[in-house]
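Subject: Structure for your review

Dear colleague,

Please find below the structure that I am handing over to you. My notes on its pockets and its ligand follow, and I would be grateful if you would read them beside the model.

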Amino acid sequence: MQTRRIGDAQVSAIGLGGMPMSIEGRPDEARSIATVHAALDAGITFFDTADAYSLGGPEVGHNETLIAKGVASWGGDTSDVLIATKGGHLRPGDGSWTLDGRPEYLKQAAEASLKRLGVDVIGLYQFHRPDPRVDYADSVGAIRDLLDAGKIRYAGISNANPEQIKLADEILGGRLVSVQNQFSPAFRSSEPELDLCDEMGIAFLPWSPFGGITRAAELGSRFAPFAELAADKGVSPHVLTLAWMLAKSPVVVPIPGASRPASIQDSATAVDVKLTAEEIARLDAA
Ligand SMILES: NC(=O)c1ccc[n+]([C@@H]2O[C@H](COP(=O)([O-])OP(=O)(O)OC[C@H]3O[C@@H](n4cnc5c(N)ncnc54)[C@H](OP(=O)(O)O)[C@@H]3O)[C@@H](O)[C@H]2O)c1
């Protein structure tokens, strides 16, 4: 598996997004653990989770616990695994997603994530989403305090615009290592953030790279040029999509979600697909 850089860590160029294993429509635990093991077998060393990935209420942190359990029970060497989690989103239990970006809340949430992940230091902690009721600088200030206190190894942000990326990096004293934004053939408006991350040497983690859990299966039928080129190369439209993202910049590390071993096994092969400049331009225009 090829690697890319997040901070000064080398991680697999394709990560695994944990959300489909913990929200509505999730599989049983055995299939989820098998999916985490399949990712590790395929050479994946980067896992994205969040305390909010659960059905809500008392189950907060369902996905953090699951990913930690899957990694711990694998049996191989996991010393190079980086688990990224997030704080700032909540699921009260009625199906909704709410926000809390208050510094005191984020610090408390990080402490709870530390316990669920069973670690002394969180690998990568990401501020999940700006809370309009809280000054962005105050929320990111809490992430800086966690970094300074040694509670987290790396600091990241998610759902941020270019101004917020620059501000966060300034508040963190140049220690912002990643930005996680929505990016897929269906959702391309994060190109400015991707370009800025490329310029700043910060990892860009596209979320919902296939258009999200409920629309991932339609990827090929919605984007014919992706399906056609995928067929020419003998790969799935999903693999071709990830290869297209990887080709955009060396800072890109896609985090496709999966709840079945076969899905992540297939996605991991994207690192082997080479695209010409002409093919990339064709997909950009699709
Ligand atoms: N920061 C944020 O605000 C935010 C928001 C949303 C998501 N995320 C993160 O981004 C990750 C990815 O996004 P997502 O899970 O929402 O959507 P996604 O990656 O666009 O789609 C996930 C779905 O794609 C299917 N899939 C995966 N690999 C496939 C393949 N090679 N061929 C065919 N189907 C495949 C999976 O099906 P199966 O379930 O059948 O395996 C899965 O349910 C999440 O898991 C989460 O970690 C972050």
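Which residues line the second largest pocket? Please bear in mind throughout that this is a predicted model. The lining is made up of Ala68, Val71, Thr78, Val81, Leu82, Ile83, Leu117, Val119, Val121, Ile122, Gly123 and Arg153. Two or more of the lining residues come from each of helix 2 (62–72), strand 5 (82–87) and strand 8 (122–127). By class, nine residues of this lining are nonpolar, two are polar and one is charged. The space in the second largest pocket amounts to about 250 Å³.

I turn next to the largest pocket, whose volume is about 800 Å³. Its lining comprises 38 residues, and Met19, Pro20, Gly212, Ile213 and Gly257 are the closest to the pocket centre. Helix 10 contributes four residues to this lining, the most of any element. Divided by class, the lining of the largest pocket holds 14 nonpolar, 16 polar and eight charged residues.

Where does the ligand sit? The ligand is found in the largest pocket. Around the ligand there are 30 residues, of which Asp48, Phe210, Ser259, Arg260 and Ser263 come nearest. Helix 10, which spans residues 261–268, also gives the most to this shell, here with three residues. The shell consists of eleven nonpolar, 14 polar and five charged residues.

Several polar atoms of the protein can be placed relative to the ligand. In the side chain of His128, an N or O atom is 3.5 Å from an oxygen atom of the ligand. For Gly211, a backbone N or O atom lies 3.4 Å from a ligand oxygen atom. Ser267 has a polar side-chain atom 3.1 Å from a nitrogen atom of the ligand. As for burial, the ligand has 900 Å² of accessible area on its own, and the protein covers 90% of that area.

In summary, the ligand occupies the largest pocket, and helix 10 gives the most residues both to the lining of that pocket and to the shell around the ligand.

With kind regards

Technical notes: Residues are numbered from 1 along each chain as its sequence is written. This is a predicted model: local features need pLDDT of at least 70, side-chain atom pairs count only at pLDDT 80 or more; totals for chains, interfaces and linings use all residues. Side-chain values use heavy atoms; hydrogens and water are left out. A residue is near a molecule or strand if one of its heavy atoms lies within 4 Å of it. A polar contact is a pair of N or O atoms within 3.5 Å; within protein, one must be able to donate a hydrogen and the other to accept it, and residues adjacent in sequence count only if both atoms are side-chain atoms. Accessible areas come from the Shrake-Rupley method with a 1.4 Å probe; for residues, only the protein chains shown count as cover. On a 1 Å grid over the protein atoms alone, a cavity is a set of points where a 1.4 Å probe fits but cannot get out, and a pocket is an open set with protein on both sides within 12 Å along at least five of seven lines; lining residues have an atom within 4 Å of a point. A molecule sits in a cavity or pocket if more than half of its atoms lie within 2 Å of its grid points. Ala, Val, Leu, Ile, Met, Phe, Trp, Tyr, Cys and Pro count as nonpolar, Asp, Glu, Lys and Arg as charged, and the others, Gly among them, as polar. Grid points are joined across faces, edges and corners, and a volume is the space filled by probe spheres set on the points.
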